Amino acid sequence: QPVIHEKRSALLPESQASLTTYVIENSPEMETDRVRPAVIICPGGGYEMLSDREAEPIAIKMMSFGFQAFVLHYSIKPAVYPLALKELAAAVRLVRTNHEVWHVDPEKIIVAGFSAGGHLAANLGVSWQQPFLAEALQGANEEWRPNGLLLSYPVLSSGELGHQDSFRSLLADRYEIEKAALSLETLVNEQTPPTFLWHTLEDGLVLAENSLLFAEQLRKFNIPYELHIFPRGGHGLSLGTPETANSDQHGIEASVVRWPELFADWVKWNF
């Protein structure tokens, strides 16, 4: 089956963000009207860069499960909050608007984030209904409502266990004043979508407490979630395979390679 692979830019007039599509076309030999879940991927990089290791390889892996995949190249430092959040909202709206063209189930759009990209994804998850987004995007909040979240070793808390450099890059000179307001475990609410989280105990850069604190709040609001804390592996593991290891061979960790299959099963049974 052919794949639509294109780069969509100009998501917002004030930004240079782009969305790259990895869309499986339907085949006349198979189910011709098939629609699939969509996964919109936000790579990590501390809001200072965007990691290639958490972009296309993740999209290809998601396609292997029959998902339509999209990679958002969002604005980073020196851009500041909330530009990237508006870009992600616009990306969700674009996918939902084009659901027939891209063979997407509009009620199965999952926003995925890695490290600081996890903060971006979760930020939309807890804030999609906020009036400032409707005003900024000139639309209805339901247009960019994510149906689920995939958070991989995410930056979530700005508290004492949080990764402060990500918040410094996101907020610049507003860091001291606004960081507490973007500690996302404090913003979970009854409209936060179902969430799949995974982390490692050995992550010394973005501590597992980020995922644990967020999951605790999901539980408090009775939001369905699945949480995996793997015993080994540092930060930024991506798929945990040689395919996504960096030039120093960091990122190979056999104990975490199951996470995509666990996530695919979660989607299958929850959506």
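**Reading a predicted fold, strand by strand**

Reply: Let us begin with strand 5 (residues 68-73), which is largely enclosed by the rest of the structure, because five of its six residues are buried. Please keep in mind that this is a predicted model.

Me: Which strands pair with strand 5, and in which sense, parallel or antiparallel?

Reply: A general idea helps here: in a regular strand the side chains alternate between the two faces of the sheet. In this structure, strand 3 (residues 18-24) runs antiparallel to strand 5 and is joined to it by five bridges, with Leu-19 standing opposite Leu-72. Strand 4 (residues 36-42) pairs with strand 5 in the parallel sense over four bridges, and there Ile-40 stands opposite Phe-70. Between strand 4 and strand 5 the chain passes through helix 1 (residues 56-64), and this β-α-β crossover is right-handed.

Me: How should I read a single residue of strand 4, such as Pro-37: is Pro-37 buried or exposed?

Reply: The cut-off to apply is that buried means under 20% relative accessible area. Pro-37 has 14% relative accessibility and therefore counts as buried. If neighbours within four places in sequence are left aside, Pro-37 is in contact with Gly-66, Phe-67, Gln-68, Lys-108 and Val-267. A further pair to inspect is Pro-37 and Val-104, which are 67 residues apart in sequence and 5.9 Å apart in space, C-alpha to C-alpha.

Me: Can the same reading be carried to another strand, and what is His-228 in contact with?

Reply: His-228 lies in strand 9 (residues 225-230), and because its relative accessible area is 19%, His-228 is buried. Its contacts, leaving aside neighbours within four places in sequence, are Phe-196, Leu-197, Trp-198, His-199 and Leu-262.

Me: Which residues touch the most other members of the largest nonpolar core?

Reply: A nonpolar core joins buried residues through side-chain atoms within 4.5 Å. The largest one here has 54 residues, of which Leu-19, Phe-70, Leu-88, Val-95, Leu-124, Trp-144 and Phe-214 touch the most other members. Helix 2 (residues 83-97) provides the largest share of this core, with nine residues. Apart from this core lies another, of 28 residues, among them Ala-59, Met-62, Ala-112 and Phe-230. Returning to Phe-214, its contacts beyond four places in sequence include Ala-122, Val-126, Leu-151, Leu-184 and Leu-197.

Me: How many residues of helix 5 are buried, and what do these residues pack against?

Reply: Helix 5 (residues 164-171) is mostly covered, since six of its eight residues are buried, namely Gln-164, Ser-166, Phe-167, Ser-169, Leu-170 and Leu-171. These buried residues pack against helix 3 (116-127) and helix 6 (175-178). After helix 5 comes Ala-172, whose phi is positive, near 55°.

Me: What should I look at for the chain as a whole, and how many helices and strands are there?

Reply: The chain contains eight helices and nine strands. A compact globule of 271 residues would have a radius of gyration near 18 Å, and the 17 Å of the chain agrees with this. The C-alpha trace spans about 55 × 45 × 40 Å along its principal axes. Buried residues make up 58% of the 271 residues, while the chain exposes about 11500 Å², of which carbon and sulfur atoms supply 52%. Finally, among contacts with a separation of 6 or more, 73% are between residues 24 or more positions apart.

Notes. Residues numbered from 1 in each chain as written. Predicted model: local features only at pLDDT ≥ 70, side-chain atom pairs only at ≥ 80, totals over all residues. Heavy atoms only, no water. Buried < 20%, exposed > 50% of the residue type's maximum accessible area, 1.4 Å probe, protein only. Helix = DSSP H or I, 4+ residues; strand = E, 2+ residues; numbered from the N terminus. Contact = heavy atoms within 4.5 Å. Pairing = 2+ DSSP bridges. Right-handed = clockwise from strand over helix to strand, strands pointing away. Rg over C-alpha atoms; globule rule 2.2 N^0.38 Å. Areas by Shrake-Rupley, 256 points an atom, 1.4 Å probe, with all protein chains shown as cover.
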